[in-house]
Amino acid sequence: FHKIPLTDGGKDELYMMAATFNRMMDRIEQSFLRQHQFVSDASHELKTPITVIEGYAKMLQRWGLKDEKVGQEAVNSIYGEAVRMKAIAQQLLDLAKLENEFEMVKTEVELVSMCEEVAGMLRKLFHREIRIIPSDNRLTIKGNRVQIKQLLMIILDNAIKYSQKRIDLILTSATFGDTTIPGVEIRIKDYGIGIPRDELTRVFERFYRVDQARHRKTGGTGLGLSIARAIVHRHDGAIRIESEEHEGTEVIVFLPSQ
Ligand code: ADP
């Protein structure tokens, strides 16, 4: 990326135009770098399951047809890795869409009933206690229903995966940081394994998984929180995470009501 060399102290119109041009080039360059990183991360993550599938297919080719036990093991692993690849591909598509789509349908979304709906489904699926504690009967924001539901599912799914006890979902009307922008704060609190302090800032990165999680074979992809963050940013909101190892984790989301 070539930029126009600027001499110090220039203030004329041409200088201003050149400075604007350089700023634009910086942004384009950053966008290219992000795309490049995205493609290289995705290829790297997809290479692992492909290598495993290749290995088991080779094993099947050599011995599988004669040895039933080997055959079963290979087929199970190939199936498992294929499912994982499908999940990675779907989540990458979701992320790309969130980062590149200009138009987004936003309507009034009532969060207490939406949380009830999502929690109800997860209670049935995972037989876990999820308490909803709202400050009001109705708490509304302006948002995309599908995306907000996906956001709640991602955070609650993590709380379920990384804890055994109950999960609390606390909803309150709030303002954005030090501003007067009105909205709703959602706190999703679990009492599980927690996240080590030095890894807290990294969990929103694409494909990042804390070692414990990787070892526990919880089947995640490391993309959930990146998608959650992209959704919150598309809604001009904020997301942060607080955690204490072996005590639990709290994800705090703010979504503006306009
Ligand atoms: P994953 O698919 O691995 O769950 P995420 O992007 O959703 O990916 O989360 C990234 C990592 O952050 C997880 O692998 C896990 O190590 C950690 N993490 C996320 N939520 C929690 C939680 N509620 N409790 C403990 N660790 C968590």
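Modeller: Buried means under 20% relative accessible area, exposed over 50%, partly exposed in between (1.4 Å probe, protein chains only). This is a predicted model: local features need pLDDT of at least 70, side-chain atom pairs count only at pLDDT 80 or more, and totals for chains, interfaces and linings use all residues. Numbering runs from 1 along each chain as its sequence is written, and side-chain values use heavy atoms, without hydrogens and water.

Biologist: Glad to start! Which residues of H6 are buried?
Modeller: Helices (H or I, at least four residues) and strands (E, at least two) are DSSP runs, numbered from the N terminus. Helix H6 covers residues 224-234, and eight of its eleven residues are buried, so the rest of the structure largely encloses this helix. The cover over them includes helix H2 (68-100), H4, S6 and S7. The buried residues are Gly224, Leu225, Ser226, Ile227, Ala228, Ala230, Ile231 and Val232.

Biologist: Which residue with a positive phi follows H6?
Modeller: Look just past the helix, where phi is near 55 degrees. The residue there is aspartate 236.

Biologist: Which strands stand at the edges of the sheet?
Modeller: Five strands form an open sheet with mixed pairing, in the order S2-S4-S5-S7-S6. Strands pair if DSSP finds at least two bridges between them. Each edge strand has a single partner, so one side lacks a neighbour in the sheet; these are S2 (130-134) and S6 (238-244).

Biologist: Which residue in S7 does lysine 189 stand opposite?
Modeller: Strand S5 (residues 182-190) pairs with strand S7 (residues 248-256) in the antiparallel sense, over eight bridges. Opposite lysine 189 stands glutamate 250.

Key. Contact means heavy atoms within 4.5 Å.
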